[in-house]
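Subject: Structure handover

Hello,

I am passing on the structure we discussed. Please look it over before reading the notes beneath it.

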Amino acid sequence: MATVRQSIPAELSGASRPSAAGDSPDAPEVKARFEALLRQVQANRPSEDTAIVRKAWDFCVRHHRGQLRASGEPYIVHPLEVAEVLAEMRMDASAIAAGLLHDSVEDTAATSEQIAEEFGQQVAHIVEGVTKIEKIQFANREDRQAENVRKMLLAMVTDVRVVLIKLADRLHNMRTLEHLPPDRQTAIARETLEIYAPLAHRLGMGKVRGELEDLAFRYTDPVSFEKVSAAVEARRIEGEQFLRGVEDVLVEQLRENGILARVEWRIKRLYSIFQKIERSRVSFDQVYDLLAIRVITQDVAACYAVFGLIHTLWRPVPGRIKDFIAIPRANRYQSLHTTVMGEGGHQFEVQIRTEEMHRIAEEGIAAHWKYKAGEGAVHPRDEERLNWIRQLVEWQKEMTDPNEFLSSLKMDLYPDEVYTFTPKGKVVVIPADGTPVDFAYTIHTEVGHTCVGAKVNGRMVPLRTRLRTGDIVEIVTQKEHKPSRDWLTFVKSPRARNKIKHWLNEDQRRRAVEIGRKLLEREARKSKVPVSHIDDHDLSRIAGEYGMATAADVLASLGQGRHSAHQVLNKLFPGYASAEASEQTPDAKPPGSVESAMSDAVRKLHLTGSDSLQVEGQNDLLVYRARCCNPIRGEAIVGYVTRGKGVAVHARSCPNVQNLLYESDRRIAVEWSQSAGSSSAHAQRYPVKMTVYCDDRAGMLKELTAVISDDNTNIRGVDLRPGENGEAVIEFVVEAEDLHHLNRMVQGLRRVNGVRSVQRQQKL
């Protein structure tokens, strides 16, 4: 028999739930909350000894005493809240203790050794994995962020509780974000949307992911948050009445058909609505899955029975039926989805799943958490969830650049997925718009390396063909074939991209070693030194003098032009050369070296538009803004040495950056020069193209141009055309002083009534 619904509220508080703000850690309210935490841990795991939790609490109170958060409440409230979130996940006592201790090493005088001595190596390992890197100096904030995430993922491979505690920590920080300065709010919220919410998604933790996204949405795009929130609230009463009516009908029909199930309903989350509007460029009224019913059954057979029943009660919308039970998502999510048409033209989504599937969808990897043999362990079903983390850790060994690692992580965390099949029926999940090359590398690295062609549904296709869900793909390989650099222009999966880059780098290094050996042998013959006297042992002996580790490193540096064969030979056999041919000084740049060649190629010319850019520490190199991404002042940028043209400056977000910068030798640090700043009366302005998707109504163009001109911005061009969904598409080319100026314009345009989306186009 169907049970009554469970309503899922959509409103947000944006702040922590009531706590003992302003009271000391010894206050009765705080003590009472800790005792309630202990009772919850004991209820979740009756056989566990909670003494370690009480000991961790006493340690926290002692070390955090006197510390306050930005909100003014005692710092001890934060670890307590983190522990409460972990208790809601039904984590074990060691995880709860580590949650209480997670900031001890970072924010108090406590050390990792002290944690290990008092609580054991297991808890110390978890705390160390969560602790941010503070003592190492990094070049920029992005490098620090990348290394902290890398450190967390490495620790997570051996104990998944590391990331669960990190997510609980981030969740409470987001709930209390209003107490921080605006710039910190934006930075933390953006990091949450880019890394932590997608991480929760990949671990199947839908409940945590949803709350993180909605909390971050408030700070990353306040204008859109207000518009979506107001639109939802305006329809909430009507929507709830409609869903209650649907619920009553469905509960009665389930009872009559003898199907045991319970029914829930909800209104779509704010950030999900915003994503739908942005991705599909539709109006709020065209978000047809705004309302949703969830039916939770006893077994899989009942799911399909309910599925059939739903379609007899309401008419299904074509193309909106998805069976994630037969083919689960990559994060192991399972459910039947269908969208149907109700009375009055209301469309609503129905999700049908078992109790087990529901628990996995909400809690993800935490749903089957168990504690065994003193080690963090997960249910065998969840091992697949962690495979991508293990793969990522394997790939990161091949990535020396922190930003490259972070970029690959972001691409891999939140992929739109396509479900393809091998000829034997095995499901292979690849990113949306993935190609046969992505498919091949998903199967195995060697299959990818030796891929020469592909058959899709029995027909030969080009390797850049975009695969679709349901395609049957057969890879044609050739034993001696090697990856092509051109593949980087169309592959979509981080795995394929990283494997191709790694092979190209290794191949380039192999060639450099061969060239270096030939140069050294030629120099030896020229100087009458027997070639047989030069061996790798001797080269390894002098490698340290050049800051290298092996003989191959020395030979590669010769092949790349970083050092001369004359220098190396003189190191191996001192005094063999004449005084006139003595070794160059360490500071000199030998002719033919990379540094010398680069300087010769990119001596500064007065190029229009480059005055605001410079290579860090240099003032005589030609730099120019790449046309593919058109970076403007204030954006994070990276330089790429182009042969004979100078240094091309790309925005770090440019899709071409990852394709270009696999050759680390050609990457160079660039910065916006301090002169010609945006505060100058004659500040340089950059042409930027923006596309506005909006309602097609009278006066819209007038309102949009008024917003731009009121910001003292010049409009270079305007183009109008009809869109696919009955909207108007208006393209503006405007002059922006910097990123802040551009963002201000974008926010102003989004406030105009009827504007659905504003997108910056990187190419002019």
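The notes below cover salt bridges, a cavity, a helix and a surface patch.

Please keep in mind that this is a predicted model.

Salt bridges

The structure contains 34 salt bridges. Three pairs that link distant parts of the chain are described here.

Asp92 pairs with Arg161, and their closest N and O atoms are 3.0 Å apart. Asp92 sits in the loop between α3 (77-88) and α4 (93-101), while Arg161 belongs to helix α9 (residues 161-175), with the two positions 69 residues apart. Asp92 has a relative accessible area of 0% and is therefore buried. Arg161 is likewise counted as buried because its relative accessibility is 0%.

Arg54 forms a salt bridge with Glu35, with 3.3 Å between the closest N and O atoms. This pair joins helix α2 (residues 51-64), which holds Arg54, to helix α1 (residues 28-44), which holds Glu35; the partners are 19 residues apart. Arg54 counts as partly exposed because its relative accessibility is 36%, and Glu35 counts as partly exposed at 30%.

Arg760 bridges to Glu635, the closest N and O atoms lying 3.1 Å apart. Arg760 is in strand β24 (residues 755-761) and Glu635 is in the loop between β16 (623-625) and β17 (637-642), 125 residues apart. Here Arg760 is partly exposed at 25% relative accessible area, whereas Glu635 is buried at 11%. Elsewhere, Glu233, Arg236, Glu240 and Arg244 are joined into one network by salt bridges that share partners.

Cavities

Searching the whole structure gives two cavities of 30 Å³ or more. The second largest cavity holds about 40 Å³ of space. Its lining consists of Glu264, Trp265, Arg266, Ala292, Ile293, Arg294 and Gln351. Strands β2 (261-267) and β3 (291-297) are the elements that give two or more residues to that lining. By class, the lining has three nonpolar, one polar and three charged residues.

Helix α15

Which residues of helix α15 (residues 355-363) are buried? They are Met357, His358, Ile360, Ala361 and Glu363. Just after α15, Gly364 has a positive phi of about 60°.

Surface patch

Leu701, Val718 and Leu720 make a nonpolar surface patch of about 230 Å². Leu701 lies in helix α26 (residues 700-710). With a relative accessibility of 31%, Leu701 counts as partly exposed.

Regards

Notes: Residues are numbered from 1 along each chain as its sequence is written. This is a predicted model: local features need pLDDT of at least 70, side-chain atom pairs count only at pLDDT 80 or more; totals for chains, interfaces and linings use all residues. Side-chain values use heavy atoms; hydrogens and water are left out. Patches are made of residues with over 30% relative accessible area and no salt bridge: like charges are joined within 9 Å, nonpolar side chains (Val, Leu, Ile, Met, Phe, Trp, Tyr) within 5 Å. Accessible areas come from the Shrake-Rupley method with a 1.4 Å probe; for residues, only the protein chains shown count as cover. A salt bridge is a side-chain nitrogen of Lys or Arg within 4 Å of a carboxyl oxygen of Asp or Glu. Helices (H or I, at least four residues) and strands (E, at least two) are DSSP runs, numbered from the N terminus. Buried means under 20% relative accessible area, exposed over 50%, partly exposed in between (1.4 Å probe, protein chains only). On a 1 Å grid over the protein atoms alone, a cavity is a set of points where a 1.4 Å probe fits but cannot get out, and a pocket is an open set with protein on both sides within 12 Å along at least five of seven lines; lining residues have an atom within 4 Å of a point. Grid points are joined across faces, edges and corners, and a volume is the space filled by probe spheres set on the points. Ala, Val, Leu, Ile, Met, Phe, Trp, Tyr, Cys and Pro count as nonpolar, Asp, Glu, Lys and Arg as charged, and the others, Gly among them, as polar.
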